Amino acid sequence: MTTRLAVRDLAVARGGLRAVEGLSFSLSAGQALVLRGPNGIGKTTVLRTLAGLQPAVSGEVEAPAESLAYAGHADGLKSALSVTENLRFWSDVFGGPGIDAALERMNLRELALRPAHALSAGQKRRLGLARLMVTGRPVWLLDEPTVSLDTASVALFASVLRDHLGQGGAALIATHIDLGLPEAEILDLTPYRAGPARRDSGMRPAGFNEAFA
Ligand SMILES: Nc1ncnc2c1ncn2[C@@H]1O[C@H](COP(=O)(O)OP(=O)(O)OP(=O)(O)O)[C@@H](O)[C@H]1O
């Protein structure tokens, strides 16, 4: 099975303080891995690090160039652009497969001409997730992808995800809810919580630079 992402002995920090350390796992084509663990343990921090938004403290991350697509808490939408224009923008940036399937699958056809600022929270989230589809990238890094989604939209997203896996994609997903993807494996970060000496004491280490936190 093709390995899409390999993580070895990774340590990550937020606000200059270690959150998680000693984390190793790999993600194969067709595999979904759900990141679990209590609030604040470091799920977002791991995803941000893998997405290249912040450096790792130590460890190795191996993934083919331009194979990762990240969807964080913010939907990354251009508010003045319509749904279609937003998707075209991202499709042009990534050179992905076009926007038709994404519009259809995320149930956005009727909203195609609506500016993003005039969408509801759940509709924005559907558009943010449709963005992943137009990237054409195989590994999706998803941070709480179902926030604001109603039950039908959660099911819609689960079916998009399942198709993505079926086409050889992979996904690492931080979520507290059941996505309805029984085939997904669970990776609980609790055993990888950084030791007390390194954990958040409210103190910032010497040389801490907020800009790179
Ligand atoms: N902007 C920030 N600046 C400094 N520290 C932060 C910042 N955001 C989060 N942290 C701290 O970093 C640690 C890891 O947070 P992170 O958001 O990765 O956790 P999480 O597991 O995703 O939590 P949740 O389940 O609540 O989303 C926590 O101790 C948190 O308080």
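## Exercises on a predicted model

Glu144 is partly exposed, with 18 other C-beta atoms within 10 Å. On this scale, 20 or more other C-beta atoms within 10 Å of a residue's own make it buried, 12 or fewer make it exposed, and anything in between is partly exposed, with C-beta atoms placed from the backbone. You're working with a predicted model, where local features need pLDDT of at least 70, side-chain atom pairs count only at pLDDT 80 or more, and totals for chains, interfaces and linings use all residues. Numbering starts from 1 along each chain as its sequence is written.

**Exercise 1. Find where Glu144 and Glu66 sit, and say what sign their phi has.**

Step 1: Glu144 belongs to the loop between β6 and α5, and its phi is positive, about 45°. Helices (H or I, at least four residues) and strands (E, at least two) are DSSP runs, numbered from the N terminus.

Step 2: Glu66 lies in the loop between β4 and β5, with a positive phi near 55°. Glu66 is exposed, because it has 12 other C-beta atoms within 10 Å.

Step 3: Keep in mind that most residues other than glycine have a negative phi.

**Exercise 2. Work out which strands pair with β6, and in what sense.**

Step 1: On one hand, β5 (residues 68-71) and β6 (residues 139-143) pair in the parallel sense over 4 bridges. Pairing here takes at least two DSSP bridges between two strands.

Step 2: On the other, β6 and β7 (residues 170-174) are parallel too, over 5 bridges.

Step 3: Zoom in on Leu142: Ala71 stands opposite it, and in β7 its bridge partner is Ile173.

Step 4: Add helix α5 (residues 151-166), and β6, α5 and β7 give a right-handed β-α-β unit. Right-handed means that, with the strands pointing away from the viewer, the path from the first strand over the helix to the second runs clockwise.

**Exercise 3. Sort the residues of β6 by the way they point, and decide whether they are buried or exposed.**

Step 1: In a regular strand the side chains alternate between the two faces of the sheet.

Step 2: Val139, Leu141 and Asp143 point one way, while Trp140 and Leu142 point the other way.

Step 3: Both groups are buried, in line with a count of 5 of 5 buried residues for β6.

**Exercise 4. Lay out the open sheet and explain why two of its strands have a side without a neighbour.**

Step 1: The order is β2-β1-β4, with antiparallel pairing.

Step 2: β2 (17-28) and β4 (58-62) are at the edges with a single partner strand each, so one side of each has no neighbour in the sheet.

Step 3: From one strand to the next, the twist averages 15°; the angles run from 0 to 180 degrees between N-to-C directions of axes, which are lines fitted to C-alpha atoms (for helices, over the stretch in contact).

Step 4: β1 (residues 3-14) and β2 share 8 bridges, and Leu10 has Leu23 in β2 as its bridge partner.

**Exercise 5. Find which helix gives the most to the shell around the ligand, then check its burial.**

Step 1: That's α1 (residues 43-50), which supplies 3 residues.

Step 2: 6 of the 8 residues of α1 are buried, among them Lys43, Thr45 and Leu50.

Step 3: Gly52 follows α1, with a positive phi near 85°.
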